[in-house]
Amino acid sequence: MKKLKNKDIDKICKYKLTNNIGDIQKKLASKSTNIIKLFTYTSILRKINGLAILKIKKNNSELLYLCSNQKGNGSKLLKKVEEITIQKGLKRISLDSHEDAIGFYQKKGYKSVSRYSKESMYKDL
């Protein structure tokens, strides 16, 4: 797992980890020091296969984006996000989840806040 650099943005778009490229490009291009960008990749193919974007706030961290196209990478990225949150002295991660990912986050200990097309969730660390 590595921190994402701006030169990696093109790779993310090339491998089409997401359908929402425009929004992700904006988040990836952010030079803000409170935005942490991580990715996983296959070393043999040198192909990026997972991406997480975390925003560090005053009282908590917010998972802005998590995607993976290889089984297990989403869990690895989420664990790293949780580790970073703890290292920053924060005790909560919040996120908005699409319906198809709610079960994934619930298995990882995240709790639901509301029901909409996107579900707000959080986890106290």
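## Helix H3 and its length

In this predicted model, helix H3 holds 15 residues, which at 1.5 Å a residue should span 21 Å. The C-alpha atoms at its two ends are indeed 21 Å apart, so the expected and computed spans agree.

Several residues of H3 are buried: Asn73, Gly74, Leu77, Leu78, Val81, Glu82, Ile84 and Thr85. When reading that list, it helps to recall that an α-helix has 3.6 residues a turn, so residues three or four places apart point the same way. After the helix comes Gly89, and its phi is positive, near 80°.

## The strands on either side

H3 also has a part in the path between two strands. Strand E4 covers residues 61-68 and strand E5 covers residues 92-98; the two pair in the parallel sense over 3 bridges. Between them the chain passes through H3, residues 73-87, and this β-α-β crossover from E4 to E5 is right-handed. If you would like a spot to look at in the pairing, try Glu62, which stands opposite Ser94 in E5.

## A closer look at Thr85

Thr85 is a good residue to pick out within helix H3. Its relative accessible area is 0%, and because buried means under 20%, Thr85 counts as buried.

What surrounds it? Setting aside neighbours within four places in sequence, Thr85 is in contact with Leu54, Ser61, Leu90, Arg92, Ile93 and Leu125. Of these partners, Ser61 belongs to the residue range of E4, and its side chain makes a polar contact with the side chain of Thr85 at 2.7 Å. Arg92 and Ile93 fall in the residue range of E5, and Thr85 is in contact with both. Thr85 thus touches residues from each of the two strands that H3 links.

Lys55 makes another useful reference point: Thr85 and Lys55 are 30 residues apart in sequence, with their C-alpha atoms 9.5 Å apart in space.

## The chain as a whole

Stepping back, the chain has 4 helices and 7 strands. Starting at the N terminus, the elements run β-α-α-β-β-β-α-β-α-β-β.

Of the 125 residues in the chain, 39% count as buried. Among contacts with a separation of 6 or more, 51% are between residues 24 or more positions apart. The accessible surface comes to about 7900 Å², and carbon and sulfur atoms account for 47% of that area.

Terms used
Residues numbered from 1 in each chain as written. Predicted model: local features only at pLDDT ≥ 70, side-chain atom pairs only at ≥ 80, totals over all residues. Heavy atoms only, no water. Pairing = 2+ DSSP bridges. Right-handed = clockwise from strand over helix to strand, strands pointing away. Buried < 20%, exposed > 50% of the residue type's maximum accessible area, 1.4 Å probe, protein only. Contact = heavy atoms within 4.5 Å. Polar contact = N/O pair within 3.5 Å; in protein donor to acceptor, adjacent residues only side chain to side chain. Expected span 1.5 Å × (residues − 1). Areas by Shrake-Rupley, 256 points an atom, 1.4 Å probe, with all protein chains shown as cover.
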